[in-house]
Amino acid sequence: MKYTKLAVLAAFSVTALMGLGAVSASATTFEAGGSAKNEAIAITASLQPGTTLVMSNTPGWFANKCTASHMQGATTSPFTGPTVSTHLTTLTIAECTAPVTVHKPGTLEVVWSNGTSGTVFAEGTQLTVTISGTTIFCAPGKTHFGTLTGVASGHATLDVNAVVNCGFLLPSLKVEAKYIVTSPTGLGVTS
């Protein structure tokens with residue numbers, strides 16, 4: 001009787017672990033026009049008209065506000081995996097209250113979260129930001145960047161809500177913005 005209980009418990013444990021493995025191994029794939037794409041997708045996004053990109057210290061006391069920003073890049077292989085990457089070839093941040101210089105656009109990585117949406121991480125971006133008269137160079141590592149809200153048709157949105165480590169003078173830079181994906185239409189992610 002004792003061995004039977006142990007065998008049942010062991011079988012249950014193996015089954016539970018296999019189920020957990022299946023959940024954690026879910027893949028992410030970009031969609032365009034409602035169809036999954038196993039190929040490079042060129043992506044273009046701009047700051048939503050009438051909105052502002054805000055860079056501030058985390059309490060929000062000092063801010064640099066920008067009314068123009070544009071990013072462009074393409075997904076890179078592998079096109080399906082735990083994350084899917086978009087190598088940015090262009091990142092501009094302009095019409096700001098103080099100078100912002102982008103040295104390297106970096107890479108955006110997306111992880112499917114639900115429906116056609118995903119969590120976005122940024123890595124490799126390097127920029128110089130001026131806040132309250134102080135110029136700071138930021139080259140953070142992989143950072144939670146925001147959320148891509150995908151759509152089957154129309155324009156997806158990228159809501160940026162990031163806290164970036166910029167070193168000693170500005171330990172954390174908060175970045176908030178809303179981008180509209182202008183191309184392709186119907187951009188989303190699927191599992």
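The following paragraphs describe the disulfides and one open sheet of a predicted model.

Local features of this predicted model were considered at a pLDDT of at least 70 and side-chain atom pairs at pLDDT 80 or more, whereas totals for chains, interfaces and linings use all residues. Residues are numbered from 1 along each chain as its sequence is written, and side-chain values use heavy atoms, with hydrogens and water left out.

A disulfide is a covalent bond between the sulfur atoms of two cysteines. With a disulfide taken as a pair of cysteine sulfur atoms within 2.5 Å, the structure holds two of them. When the bonded cysteines of the chain are numbered in sequence order, the pairing reads 1-2, 3-4.

One disulfide joins Cys-66 to Cys-96, with an S to S distance of 2.1 Å. This pair links distant parts of the chain, since Cys-66 belongs to strand E5 (residues 63-75) and Cys-96 to strand E7 (residues 84-96), 30 residues apart; strands (E) are DSSP runs of at least two residues, numbered from the N terminus. The torsion about the S-S bond of Cys-66 and Cys-96 is about 110°, and the disulfide is therefore right-handed. The surroundings of the two cysteines were described by relative accessible area, where buried means under 20%, exposed over 50% and partly exposed in between (1.4 Å probe, protein chains only). On this scale Cys-66 counts as buried because its relative accessibility is 0%, whereas Cys-96, at 24% relative accessibility, counts as partly exposed.

Another disulfide joins Cys-138 to Cys-166, with an S to S distance of 2.0 Å. Cys-138 lies in strand E12 (residues 134-138), while Cys-166 lies in the loop between strand E14 (157-164) and strand E15 (173-183), so the pair ties together parts that are 28 residues apart in sequence. For Cys-138 and Cys-166 the torsion about the S-S bond is about 110°, so this disulfide is right-handed. Both Cys-138 and Cys-166 are buried.

Strand E12, which holds Cys-138, also takes part in an open sheet of three strands, arranged in the order E8-E11-E12 with antiparallel pairing; two strands pair if DSSP finds at least two bridges between them. Strand E8 (100-104) and E12 stand at the edges of the sheet and have a single partner strand each, so one side of each is left without a neighbour in the sheet. From one strand to the next, the twist averages 15°, where axes are lines fitted to C-alpha atoms and angles run from 0 to 180 degrees between N-to-C directions. E8 and strand E11 (residues 126-131) run antiparallel and are joined by four bridges, and Thr-101 stands opposite Thr-128 in E11.
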